[in-house]
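Visitor: I'd like to go through this model and ask how each label was earned. Can you set the values against the cut-offs for me?

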Amino acid sequence: MTQQLIDQYGRSIEYLRLSVTDRCDLRCNYCMPEGFKDFNEPENWLTFDEIERVIRLFGELGTKRIRITGGEPLVRKNLPELAARLAALPGINDLSLSSNATRMKKQAAALQQAGISRINVSLDTLKADRFKNITGGKLEKVIDGLMAAKEAGFHPVKINMVVMRGVNDDEVEDMVQFCIDNDFTLRFIETMPMGDTGRGASLQYIPLNEIHDRLAKKYTLVKANMNGGGPARYVRVEGTDLRIGYITPMSQHFCDTCNRVRLSVDGTLYLCLGQEDSYPLRELMRAGISDDELKQHIQKAINLKPEKHEFSDKPEKLVRFMSMTGG
Ligand code: SAM
Ligand code: SF4
């Protein structure tokens with residue numbers, strides 16, 4: 001009989017977001033503090049063997065979907081090799097990747113061959129100077145990376161845009177057109193108060209129903225479904241293939257259907273993006289526990305999954321910022 005991970009609120013945990021590094025070549029100002037250098041040391045990173053082992057056990061416990069993330073996952077060396085090892089594990093039937101795409105141009109084909117089926121790319125603006133202001137990096141590299149992903153055969157390629165008032169909200173329609181022209185899927189995300197950086201950006205928070213109402217004046221938007229859509233609610237722009245997803249952790253949270261946990265690069269399981277509950281697995285693994293024992297610890301960790309985040313009630317509570325957990 002296949003085992004299942006069920007938390008104390010009856011939610012089945014089928015989805016794991018795996019952070020392969022907390023480092024990043026960009027510094028998006030809502031994510032990582034400027035000049036931040038206090039990263040995990042390499043000896044604390046789970047090795048590929050350790051990652052493969054944990055994911056194999058999650059697979060045996062009913063986890064079907066893995067998303068590789070970070071920090072920026074493509075800064076971890078030999079990522080396609082890890083992806084191929086994970087894609088080959090029994091029970092794992094959906095392996096996807098979140099990336100900023102700065103290094104995608106070189107790696108897109110190898111990632112495709114490794115068995116990654118879907119890619120999400122962060123892109124908040126189509127203006128080079130703005131991109132520089134928000135991320136510290138070069139827009140051109142991301143556009144090249146996006147095109148390389150498309151050419152390598154990834155479909156859909158989803159663009160994640162964090163919408164911020166007075167920063168990039170005037171570009172929502174341009175981004176819609178860009179995605180129509182390039183056959184990308186577009187998702188808008190509300191800023192979350194994660195760490196000081198996220199809390200700073202939350203000053204520019206926009207509830208996404210505002211964006212939806214604005215777009216509905218220009219386009220006919222019809223309800224749509226999307227495979228692997230996660231918590232996003234989708235509409236399609238009539239007369240086009242474009243799907244737009246709204247991810248609304250703040251204005252309309254989706255905690256009651258949350259099916260995911262996060263494993264950070266140092267082997268800590270985080271049970272909720274918006275809470276501090278966590279369970280360290282690395283030292284246990286390095287102490288030589290058996291697979292069965294490790295599975296019992298995973299189940300114990302799942303029992304700690306809180307009912308809901310407290311971003312709105314206690315925005316000051318969360319000191320971790322996004323790239324530490326694995327967004
Ligand atoms: N580096 C990769 C990327 O940017 O896609 C993967 C990791 S990144 C932490 C994952 C997602 O978290 C990105 O889409 C990013 O926009 C989002 N993110 C980071 N900090 C956030 C915040 N404070 N509020 C909302 N989204 C945030
Ligand atoms: Fe890096 Fe992604 Fe965070 Fe931007 S959102 S700083 S690209 S980890």
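Visitor: What stands opposite Arg67 of β2?

Guide: Arg17 does. This is a predicted model, and in it five bridges join β1 (residues 15-19) to β2.

Visitor: What makes β1 and β2 a pair?

Guide: Pairing takes at least two bridges from DSSP. β1 and β2 have five, and they run parallel, so they count as paired strands.

Visitor: Which helix goes with β1 and β2 in a β-α-β unit, and what is the hand of that unit?

Guide: Helix α1 goes with them, and the unit is right-handed. From β2 the chain then crosses through helix α2 (residues 79-87) to β3, again as a right-handed β-α-β crossover. β2 and β3 run parallel too, joined by four bridges, with Ile68 opposite Leu97.

Visitor: Why is strand β2 called largely enclosed?

Guide: Because five of the five residues in β2 (residues 65-69) are buried. Arg65, Arg67 and Thr69 point one way, Ile66 and Ile68 the other, and all of them are buried. That fits the usual pattern, since side chains in a regular strand alternate between the two faces of the sheet.

Visitor: How do you know that Leu97 is buried?

Guide: Buried means under 20% relative accessible area. Leu97 has 0%, so it is buried. Leu97 lies in strand β3, and leaving aside neighbours within four places in sequence, its contacts include Ile68, Leu74, Leu79, Leu111 and Ile119.

Visitor: What does β3 pair with besides β2, and by how many bridges?

Guide: Four bridges join β3 (residues 94-99) to β4, and these two run parallel. Ser99 has Val121 of β4 as its bridge partner. On the β5 side, Val121 stands opposite Ile159, and four bridges join β4 to β5 (residues 157-162), also in parallel.

Visitor: What makes β4 "mostly covered"?

Guide: Four of the five residues in β4 (residues 118-122) are buried. β4 also belongs to a right-handed β-α-β unit with β3 and helix α3 (residues 104-114).

Visitor: Why is Ala109 called partly exposed?

Guide: Ala109 sits in helix α3. Partly exposed covers what falls between the 20% and 50% limits. Ala109 has 44% relative accessibility, so partly exposed is the right label.

Visitor: And His297, is it buried or exposed?

Guide: Buried: at 18% relative accessibility, His297 is under the 20% limit. His297 is found in helix α10 (residues 291-303). Leaving aside neighbours within four places in sequence, His297 is in contact with Tyr279, Leu281, Leu284 and Ile289.

Visitor: What makes a group of residues a nonpolar core here?

Guide: The members have to be buried nonpolar residues joined through side-chain atoms within 4.5 Å. The largest such core has 80 residues, and Leu18, Ile68, Phe188 and Leu215 have the most contacts inside it. Helix α1 (residues 48-60) gives the largest share, six residues. There's also a second, separate core of 12 residues, including Ala224 and Tyr234. In soluble globular proteins, nonpolar side chains tend to be buried together.

Visitor: What is Phe188 in contact with?

Guide: Beyond neighbours within four places in sequence, its contacts include Met161, Val163, Leu208, Ile211, Leu215 and Tyr246.

Visitor: Which residues surround ligand 2?

Guide: Cys24, Leu26, Cys28, Cys31, Gly71 and Asn100. By class that's four nonpolar, two polar and no charged residues.

Visitor: What makes the backbone at Ala101 and Asp183 worth a remark?

Guide: Most residues other than glycine have a negative phi, and most peptide bonds are trans. Ala101 has a positive phi, near 70°, and Asp183 is positive as well, at about 60°. Ala101 lies in the loop between β3 and α3, while Asp183 is in the loop between α6 (172-182) and β6 (185-189). With 0% relative accessible area Ala101 is buried, whereas Asp183, at 41%, is partly exposed.

Visitor: How do you know that the bond from His155 to Pro156 is cis?

Guide: Its omega is near 0°. Pro156 is in the loop between α5 (139-151) and β5.

Definitions and conventions. Residues numbered from 1 in each chain as written. Chains lettered and ligands numbered in written order. Heavy atoms only, no water. Near = heavy atom within 4 Å. Nonpolar A, V, L, I, M, F, W, Y, C, P; charged D, E, K, R; others polar. Buried < 20%, exposed > 50% of the residue type's maximum accessible area, 1.4 Å probe, protein only. Contact = heavy atoms within 4.5 Å. Right-handed = clockwise from strand over helix to strand, strands pointing away.
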